[in-house]
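Here is a small set of exercises to work through with the structure open beside you. Try each task yourself before reading its solution.

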Amino acid sequence: MGEQPEESGDARKANRTELRRAFTLPAVIGLAVIGIAGVNFANGLAEQKAQSGSSEKNCEVLPRAALAPDTGALFGVNLDWHSKPLAAFANDLGHKPAVSVSFTGFPLTAKDEDDLRRAVEQIRADGHMMLLTLEPHNGLSTVTEETATALAKDLAGFNDDGVPVVVRFAHEMNGSWYAWSQQPQKYKEAFQTLAKAVHSTAPGSAMMWAPNYGGGYPFAGGEFEAKPGTPEFLALDTSGDGALAMDDDAYAPYYPGDEAVDWVGMSLYHWGSTYPWGENELPEPNKFADQLTGDYKGANGDDSLLPDFYGVYGTQHGKPVAIPETAALFAPGAGGEPERAIKEAWWNQLFSPTTHQEFPQLKMINWFEWDKDEVEVKGRVDWTVTNTPELRDAFTAALPDWFRYGPEESCRPPQ
C-alpha cells in the first residue's frame, strides 16, 4: 500500500494502517510519495550523457503483446532514487534491470509529466521498461475519455523515446483504504476506459491489473469499505449469503476482463511470521508459492479460502503474471535472525528452479530496494540487497539464469 508521509496525521492513513496490522499479511509497500516529484536523477543522467555517442543504436520498443518474455521472467527494481540512481543499482547488480517502478497521481499534472520524462531518460540509459503505478486519489470519476487519452498520448511519447511502459492502474482496489477501493463496477469501467485509450494510442504500452493479496479480505473498517445494502456490497457478496467474508472471492468482482487486461500482478512480501510485525524472522518454507496460489496456512493464519491467483489469472486467463514488488523485512537493531539469513531464505524461494518450473506464466519480479521507516513496525526496515558488499555478492550470485534484464548497451530514441 502506498505510504504517504505527508498525510501521516490524517484519519485516512491511520485507518489504513490499522487495517493492515489487524487483518493482512501486508502484501505491498508503496513508495513514500504520491508521484516521483523531487527525485534526483542528476547522477544517472550525467552517466547517460557520458555514455551517449554516435555508436549507439536506435532503441526498439516491442508491441505490448511481446513485452512479456517467451521464457523466463523480467527482473526489475523499485528503487529509492534519492539514495541511489539507476546507473549505480545497475552497476551493483551487474545487469541493467529490465523493469523500473515509478508512482504518480492521476490525472497527470504538468509536473508529473515532466518528472516522468526524466524517468524515461534514466530508464532508457540504465534500464529498459517502466512499471508506472497510477493512483487516482480524487476517485475513479477522474478517469474520463479525456484524461485517459491524455495519458495514452504521453505513453506513446515515452514509447517513441525508446521506453516501453506497463501501467499498473489503481492497485489494491480490493482493499478498503483508497478512494478507488471496493467499487467493483466503477473500477472496471475506469480500467476499461484507460485500457481502450492506451491500446489504441500507445502500442508499446500495456495494462496491469494488480489487486492486494487477499489475506484478511474484505478488510472491514476502512474508510472506503463497501456498505451493506449498496450495489457495491451486493457485487462483492459472491457467496450470496448477505455478508462479506473470507469465503467471498477477493479478486474476481474487480477483474476488468481479458480484453482490457494485458498483465496481472500481485506484490508479495515477507513481513515476518505473525502480527505484530517488526521481528526479524525467517520466512516459512514455500510461503511465496503458497500465497501466490491461495494455499497459505501458516503461523499468521489460514488463507486457504482464497482463490488461486496464479491458477485463475495466469493459467486459465493466460495472462503474464508479475510480482510488482517483493522483499523480506529486516529491522536493524530488533534482534532475532540475521539479515542475510532472512533475505537469502526469501530470495531462494523467488529464484528457485521449482518456482520457474511450477509458474511458467510468472514473467516479472521486482525487488523493493528501500531502507526506510515503516509505520507498521514503528521504525526502520532495511529491505535492500545491494547496499553492503557481502549481501550484494550473495544476491547477485543467486540470480537465476531464467531472469531477463535490460540491454547491455544504451540506445538512443529512434530518429
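The exercises below concern a predicted model, and they go from the whole chain to single residues.

**Exercise 1. Getting an overview**

Task: Find how many helices and strands the protein has, and what share of its residues is buried.

Solution. Start with the secondary structure: the protein holds twelve helices and 15 strands. Next, turn to burial: 60% of the 415 residues count as buried. Then look at the surface, where about 15,500 Å² is exposed and carbon and sulfur atoms supply 49% of that area. Finally, consider the contacts between residues at least 6 apart in sequence: 78% of them join residues at least 24 apart.

**Exercise 2. Deciding what to trust**

Task: Which residues have a pLDDT that stays under 50?

Solution. Begin with the average: pLDDT is 89 for the protein, and 87% of the residues score at least 70. Now look for the weak stretch, which is residues 1-54, where pLDDT stays under 50. The model does have 159 contacts beyond four places in sequence for this stretch. Even so, predicted coordinates should not be read in detail where pLDDT is low.

**Exercise 3. Checking the span of a helix**

Task: Work out what span helix H6 should have, and compare it with the distance between its end C-alpha atoms.

Solution. Helix H6 covers residues 184-201, which makes 18 residues. The rule takes 1.5 Å times one less than the number of residues. For H6 this gives an expected span of 26 Å, and the end C-alpha atoms are 26 Å apart, so the two agree. Now try helix H4, residues 110-126: its 17 residues reach 25 Å from first C-alpha to last, close to the expected 24 Å.

Next, ask which side chains are hidden. The buried residues of H6 include Tyr187, Phe191, Leu194 and Val198. Among the elements that cover the buried residues of H6 are strand S4 (129-135), helix H5 (145-160) and strand S6 (205-209). In H4, the buried residues include Leu116, Val120 and Ile123, along with charged ones such as Asp112 and Arg124.

**Exercise 4. Following salt bridges**

Task: Are the partners Lys372 and Glu374 buried or exposed?

Solution. The count comes to eleven salt bridges. Take one inside H4 to begin with: Arg118 pairs with Asp114, with their closest N and O atoms 3.7 Å apart. These partners sit four residues apart in the helix, about one turn. Arg118 has 39% relative accessibility, so it counts as partly exposed; Asp114, at 35%, counts as partly exposed as well.

Now move to Arg380 and Asp371, whose closest N and O atoms are 2.8 Å apart. Arg380 is partly exposed at 41%, and Asp371 is partly exposed at 30%. Lys372 and Glu374 form a salt bridge at 3.3 Å, N to O, and both of these residues are buried. One network of salt bridges with shared partners joins Glu339, Lys343 and Asp382.

**Exercise 5. Looking around one residue**

Task: Where is Asn159 found, and which side chain does the side chain of Asn159 join in a polar contact?

Solution. Asn159 lies in helix H5. Its relative accessibility is 7%; buried means under 20%, so Asn159 counts as buried. The side chain of Asn159 makes a polar contact of 3.1 Å with that of Ser205. Setting aside residues up to four places away in sequence, Asn159 touches Val61, Pro164, Val165, Ala202, Pro203, Gly204 and Ser205.

Methods: Residues are numbered from 1 along each chain as its sequence is written. This is a predicted model: local features need pLDDT of at least 70, side-chain atom pairs count only at pLDDT 80 or more; totals for chains, interfaces and linings use all residues. Side-chain values use heavy atoms; hydrogens and water are left out. Helices (H or I, at least four residues) and strands (E, at least two) are DSSP runs, numbered from the N terminus. Buried means under 20% relative accessible area, exposed over 50%, partly exposed in between (1.4 Å probe, protein chains only). Contact means heavy atoms within 4.5 Å. Accessible areas come from the Shrake-Rupley method with a 1.4 Å probe; for residues, only the protein chains shown count as cover. pLDDT is the predictor's confidence in each residue, from 0 to 100. A salt bridge is a side-chain nitrogen of Lys or Arg within 4 Å of a carboxyl oxygen of Asp or Glu. A polar contact is a pair of N or O atoms within 3.5 Å; within protein, one must be able to donate a hydrogen and the other to accept it, and residues adjacent in sequence count only if both atoms are side-chain atoms.
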